[in-house]
6 protein chains.
Amino acid sequence: MASYKYFNVTFPKEYVAHVETNRPDKLNSYFEPMWLELREVFDKLSESPDARAIVFSGAGDRAFCSGLDVKAAAEGAIIGPKDKSFDAARIATQIRRYVLGFQDCISSLERCEKPVIAAVHGIAYGLAIDLCTATDIRVCAKDTAFSAKEVDIGIAADIGTLNRLPKVVGNLGWVKEVALSARVFGAEEALRVGFVNAVYDTKEQTVTKAVELASLIATKSPVAVQGTKNILNFSRDHPVKDSLHYTAVWNSAALQTKDISAALLSGMEKRVPRFDKL
Amino acid sequence: MASYKYFNVTFPKEYVAHVETNRPDKLNSYFEPMWLELREVFDKLSESPDARAIVFSGAGDRAFCSGLDVKAAAEGAIIGPKDKSFDAARIATQIRRYVLGFQDCISSLERCEKPVIAAVHGIAYGLAIDLCTATDIRVCAKDTAFSAKEVDIGIAADIGTLNRLPKVVGNLGWVKEVALSARVFGAEEALRVGFVNAVYDTKEQTVTKAVELASLIATKSPVAVQGTKNILNFSRDHPVKDSLHYTAVWNSAALQTKDISAALLSGMEKRVPRFDKL
Amino acid sequence: MASYKYFNVTFPKEYVAHVETNRPDKLNSYFEPMWLELREVFDKLSESPDARAIVFSGAGDRAFCSGLDVKAAAEGAIIGPKDKSFDAARIATQIRRYVLGFQDCISSLERCEKPVIAAVHGIAYGLAIDLCTATDIRVCAKDTAFSAKEVDIGIAADIGTLNRLPKVVGNLGWVKEVALSARVFGAEEALRVGFVNAVYDTKEQTVTKAVELASLIATKSPVAVQGTKNILNFSRDHPVKDSLHYTAVWNSAALQTKDISAALLSGMEKRVPRFDKL
Amino acid sequence: MASYKYFNVTFPKEYVAHVETNRPDKLNSYFEPMWLELREVFDKLSESPDARAIVFSGAGDRAFCSGLDVKAAAEGAIIGPKDKSFDAARIATQIRRYVLGFQDCISSLERCEKPVIAAVHGIAYGLAIDLCTATDIRVCAKDTAFSAKEVDIGIAADIGTLNRLPKVVGNLGWVKEVALSARVFGAEEALRVGFVNAVYDTKEQTVTKAVELASLIATKSPVAVQGTKNILNFSRDHPVKDSLHYTAVWNSAALQTKDISAALLSGMEKRVPRFDKL
Amino acid sequence: MASYKYFNVTFPKEYVAHVETNRPDKLNSYFEPMWLELREVFDKLSESPDARAIVFSGAGDRAFCSGLDVKAAAEGAIIGPKDKSFDAARIATQIRRYVLGFQDCISSLERCEKPVIAAVHGIAYGLAIDLCTATDIRVCAKDTAFSAKEVDIGIAADIGTLNRLPKVVGNLGWVKEVALSARVFGAEEALRVGFVNAVYDTKEQTVTKAVELASLIATKSPVAVQGTKNILNFSRDHPVKDSLHYTAVWNSAALQTKDISAALLSGMEKRVPRFDKL
Amino acid sequence: MASYKYFNVTFPKEYVAHVETNRPDKLNSYFEPMWLELREVFDKLSESPDARAIVFSGAGDRAFCSGLDVKAAAEGAIIGPKDKSFDAARIATQIRRYVLGFQDCISSLERCEKPVIAAVHGIAYGLAIDLCTATDIRVCAKDTAFSAKEVDIGIAADIGTLNRLPKVVGNLGWVKEVALSARVFGAEEALRVGFVNAVYDTKEQTVTKAVELASLIATKSPVAVQGTKNILNFSRDHPVKDSLHYTAVWNSAALQTKDISAALLSGMEKRVPRFDKL
């Protein structure tokens, strides 16, 4: 794996990649070059045969991600000053392009063919929620402080939180409250509403457990695992009849895999199966 | 604000409107002129710069709303006698027009540009659930008795409950049970399944807390708050890709607000920002 | 009711049908003739005036259903050997036809006009989850062991689990974890995430309680009950505006039922109403 | 029928209404009070038992409608000056409300339950196209000059043309050319691409023929005619499977009409059937 | 191929099936056992390796199909007498089931995996249009008289015409006119609006030409042909982005066919390729 | 503008770009590096303020584009040999990635913010149709020979033709015939069915006229033109209600442009307006 400027990418277990945002001195806040590189990382892992499951966390003790780097952002298109010689329609075009580009970077976690598990700790504000909702599974340390912070800086969150969070947790009433009030919620509440799947005592334990879960998933047939992620995301966005039909078409190729007989055989022989690269 | 016949509309805090169904002697049951007036109230608040968040409750100690006024309804199109000279197709046209009109009135809470918080207590049967699901956030007193009562009078609920409740709580299994059995459920169950966001000891406390939450929301940028409500409702009904795109288009205008710099500045100066009317 | 080879169909209460998978010595695992017959059973009950609510369970002490009969399946299109003289595209056509046919059988529980309550106990693996998600309400015994087992045999579940489970429980994070890891989860967890509506001590109690709930529903107007199921399923798959409109069209005929006055009258007279067959 | 300020509403044949924009000295250009009144006219006709088909035309020799009254519009929200004390986000809110309100008025032609036939002549620019696409059938005089004029005043047409025209004519390539170039096209071209159903020599003949067609439709069962319009509009916006299902639900009431036996009987007896009001 | 009661099924060319409605003395009008058998015919051909393209026509000189057999229908659920002991809601349930079942039979032409070409002549009224719109390509003799006749018997067409015809011809204005007026239109008009692909002098020539076209299609790779039909039907009902994605998933299996190299090789060698059965 | 390897990009008129596929000796057939570069060209033009409308043509006398370079393709993922060590499921993953990537390149013409006009001549086979359907307007020389050639090489077209062509021409019957038969159709037929907007005598005239049309569009407000393209594409894929709503949101920013007053003023002064860059 190439090395990156803002991310540590390691392989703590066979077929398990660990992507760590590496800007701890700034609480892992993001500015544009970071989300561009993030997309590069996940687009590569998406097709890399060495990764079958991915853990995503933040470096340092204090924050998974504190959101946008406001200072940097204050010079960018979202909250920065607008070119006065442009009329509001032209500025709108610039903003739209910028937001669509930003969204595309964060969506790289969702479209990554391999499951992504967020291991969250400490501060997880604003963009952190957008990032988390684009992953597949979230676990966190009990010290985590979440907040969909955007309304507090005059913004309706536009990089994914408002679009994905309701479909992650299912409950729209809770989402509306936290999105409209920007109030901080902790690990226990996140667990209760189903925003995270598990809460652990420390950051270290959180990452360890996330790697374990990723490792478990990585032992399964990659054909089955990647199909499962793909079909679940498709199902989220389509009526049941449509997604049943899509599943049949998807599996018309996937069920021709040798992994099925390999899995059945190793099941009978009580050993861990080995699957070809994908 | 104009005064109304069936509703008390007050402003208990700056930018916070409180709409109270005012027919306590009939347990706040509704008949046609009431839902027509309800729409009038919310259509006006939707565009009123004086309201940035709205609390919706029922007058009196006993009921938030006991549903349709069956006696009045028995003379109307839904459960009233049908004109015998009409054939079933013609009666169907009359019913369809009537139901669509009724739905439009209740949907005024949903399409209201400002967040609406239901503060519920006592009896909340039938139409009460339709009303609650059209609001954004629900809180209730611990004495609240909820019931999607319609099947008990031979009706599949048609003013919103069956359409919105599954998307409010996320869980379809629970919705099916309460909708098919019409059984009463209490505040604790409502909290557990996420139908309400919080439970308080008394009606007074419930309304007070709802006003507090509304007041908190009303201190935020109205551009951000109204965008957040709008985008969340859009997202509920569209695939993620579609709603991300919509969000970018929406924010291409909204991010040109002066509220962002006002919010950032007051954040740095640790004071409450003031935002222009909207 | 005709008698069936793989299913016991009884009527434990008035208007309540009980369908029991009857292959306990094989842990109620399924092979093709079974799901074909299952469709036959439910298509018939769907239009039978004798059934207003249905309980679905598995015979024997050990399993609601242990999934596909792998031995039988090993000779069929899903995991069986492929015809070597065919190219991958032709095999894909065969698989697609087979999966679509299989899905159609399981979907007969969902399109059945009457509510279906799954009473689950013991082992509930793989296809058991597909079956459960196609019912309306699920209750289980505390000994139940659930697992979306498919990834463990190299398959992305394609008979309904990935399409319906997220819409049953609402929470996509939990669904992804159990679908990607294939880990077993018990009754308490199923209750907590809303996959089941209630947990009972024993299988017997579970079935008894399911029959009671079915019986309660069967006392209601069948026009209202069947409309409620139909509209809730429609609403799951459509935007709120669309489903409101559909509801108005549906009810333009349904509200012409005599059940409404029958229900109102018996309500006033404090007696159980009787409704005509449907 | 009440009398209106900007529209003549007459009944030239039994069950046929004729709505005429009546501002010929200004080439039937529209300003806000006109489209508000237009909605009032069509909302009333939609439910009036006296109208079973409607012709819509423009008074005077020169124009069906020359578009927005630019002078009036220059003072309104669309192209008028913006309040300088408002930021671009707040102005956007005002514009959005205004456009949505304007759209709702024009859409009254589409949601009118009775078929609407546009009889077009002379100048038909800008808003004229929006109006035409909201009707069901269009016929025109050979002197008609059509133009989707909006780009020539710096606007992407937002009252219906861009949304409905592609679905009216089917051909997106032609729509893009006329919408992007704003070039004028005549009656023959409109006929060739299917924008109009027929071309007649003069305005008088056009209106006469439109009334004849309306009259023919008005002799049919209003249950069948209104169902046909409703289902065709639904089908335009939904997949075939969905619209087939909707049609079955719609007709479950409509097929209970006495019009069917009336139509069959009069068919056998070779006389014109009479149908009850609707 | 089994022999059928109401249909002649022959194989005039290799891989070309010809299905002929065989009730010429009744102008090929349909009653229930016929559409049930029609489904049987097409469901079988859909999976038969002997058919790669299908021609559908009507026996006799006078009619492709004159619609419903009104005499038979007068005893059925659509236009027959209703059971007086049932209320309108219960009758609606019966009608809905009946219409859905009827639709499913006609839709067998659309879901048939092989392309279906309608060869039409003489009278083609009512149900004939429903049948035609469910095929893929239509050709007709110049004597053909088409009519969406349903409104003339008090019915909004509910077996496919209103749902598919607008998507077949693209032009909604023309569809509305012929559906609302029930007027007869001839072969030339059908050609002009694109309802038929070609017009021939006689019925014989029409069938011959249809068989030739079917035969041409039958010489192509069945993997490519069946994929093309499937994807085109999917595309009709979905946004472009969705259908592009679906196409990629579909072709992930289909492009593994040996037909591609067979086609390329025979192309180079200037001979007609032979493809394996499908 | 940077120079490209496979494309000539020139600016024949102010704000008009001309992109020419430049591989005339190979009949402008495409191989992978070409479509990757094509995306680069259009992604850049999409945001370039120097281009307001774009003409797309092919170099040389003989062909607009003869499709895939079969020789090159025979080594790629679509029709090339598959890695034998991979099972069919793994090969499917490789194909799916490849096709999705290929589609994304061709879709760059559609998502380009500026209108694209295809000027077609000579051979236009296979991929040529995919390219054409991704543009906004098509004109051609009378010598053009079109063919959706893919079925002739055993492939269901997967780069856009099957998804976009039905929505371009509106008529599904004609699309099915040409897609299933792969027959060549000429300029006159393309004009008649609306696949092209105009036919000219020679290639030179075709390009000249396309540049003129582009130039006309380039004189309009770029805010209006780009909004019109965007909204028309959105409308193609959404119900009318949805697209009306989207249009209002889009125009809430766009109507704040100074182009409106500039256009109105220059209209009154009978001169060509000048608009700021976008």
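## Where chains F and B meet

Let's start at a small contact: 5 residues of chain F touch 5 residues of chain B, where two residues count as in contact if their C-beta atoms, placed from the backbone, lie within 7 Å. The side of chain F that touches chain B is made of 4 nonpolar residues and 1 polar residue, with no charged ones. In this sorting, Ala, Val, Leu, Ile, Met, Phe, Trp, Tyr, Cys and Pro are nonpolar, Asp, Glu, Lys and Arg are charged, and the others, Gly among them, are polar.

How is chain F placed relative to chain B? A rotation of 180 degrees, with 0.0 Å of shift along its axis, superposes chain F on chain B with an RMSD of 0.0 Å; such fits are made by least squares on the C-alpha atoms of residues with pLDDT of at least 70 in both copies. That is the relation of a two-fold axis. In chain F, the C-alpha nearest this axis belongs to A253(F), 2.6 Å from the axis. Of the interface residues of chain F, 100% are also interface residues in chain B, so the copies meet through the same surface.

## About the model

This is a predicted model, in which local features need pLDDT of at least 70 and side-chain atom pairs count only at pLDDT 80 or more, while totals for chains, interfaces and linings use all residues. Residues are numbered from 1 along each chain as its sequence is written, and chains are lettered from A and ligands numbered from 1 in the order in which they are written.

How confident is the predictor? The complex has an ipTM of 0.96 and a pTM of 0.97 from the predictor. Chain A has a mean pLDDT of 95, and 97% of its residues reach 70 or more; pLDDT is the predictor's confidence in each residue, from 0 to 100.

## Where chains B and C meet

Now turn to another pair of chains. This contact takes 39 residues from chain B and 45 residues from chain C. Three elements of chain B give two or more residues to the side that touches chain C: α3 (88–106), α6 (161–169) and α7 (172–181). Of these, α7(B) gives the most, with 9 residues. By class, the side of chain B that touches chain C holds 21 nonpolar, 8 polar and 10 charged residues. (Helices, H or I of at least four residues, and strands, E of at least two, are DSSP runs numbered from the N terminus.)

Here a turn of 120 degrees and a shift of 0.0 Å along the axis lay chain B on chain C with an RMSD of 0.0 Å. The two copies are thus related as by a three-fold rotation axis. G170(B) has the C-alpha of chain B nearest that axis, at 2.4 Å. The copies use different surfaces, and 10% of the contact residues of chain B recur in chain C.

## The sheet in chain D

Let's look inside a chain. In chain D, 6 strands form an open sheet with mixed pairing, in the order β1-β2-β3-β5-β7-β10; two strands pair if DSSP finds at least two bridges between them. At the edges lie β1 (7–13) and β10 (198–200) of chain D, each pairing on one side only. From one strand to the next, the twist averages 25 degrees.

β1(D) pairs with β2 (residues 16–21) of chain D in the antiparallel sense over 5 bridges, and K13(D) stands opposite V16(D) in β2(D). Helix α8 (residues 203–218) of chain D packs on the sheet, touching β1, β2, β3 (53–58), β5 (116–120), β7 (137–141) and β10 of chain D. The direction of α8 makes about 165 degrees with that of β3(D); axes are lines fitted to C-alpha atoms, for helices over the stretch in contact, and angles run from 0 to 180 degrees between N-to-C directions.

## A hairpin in chain C

In chain C, β1 (residues 7–13) and β2 (residues 16–21) run antiparallel and are joined by 5 bridges. F7(C) has T21(C) as its bridge partner in β2(C). β1(C) and β2(C) form a hairpin with 2 residues between them, and Y15(C) in the turn has a positive phi of about 65 degrees.

## Two domains in chain A

The domain assignment divides chain A into domain 1 (7–218) and domain 2 (222–268); such bounds come from an automatic or database domain assignment. Their C-alpha centres lie 27 Å apart. The contact takes 8 residues from domain 1 of chain A and 6 residues from domain 2 of chain A. On the side of domain 1 that touches domain 2, 2 residues are nonpolar, none are polar and 6 are charged.
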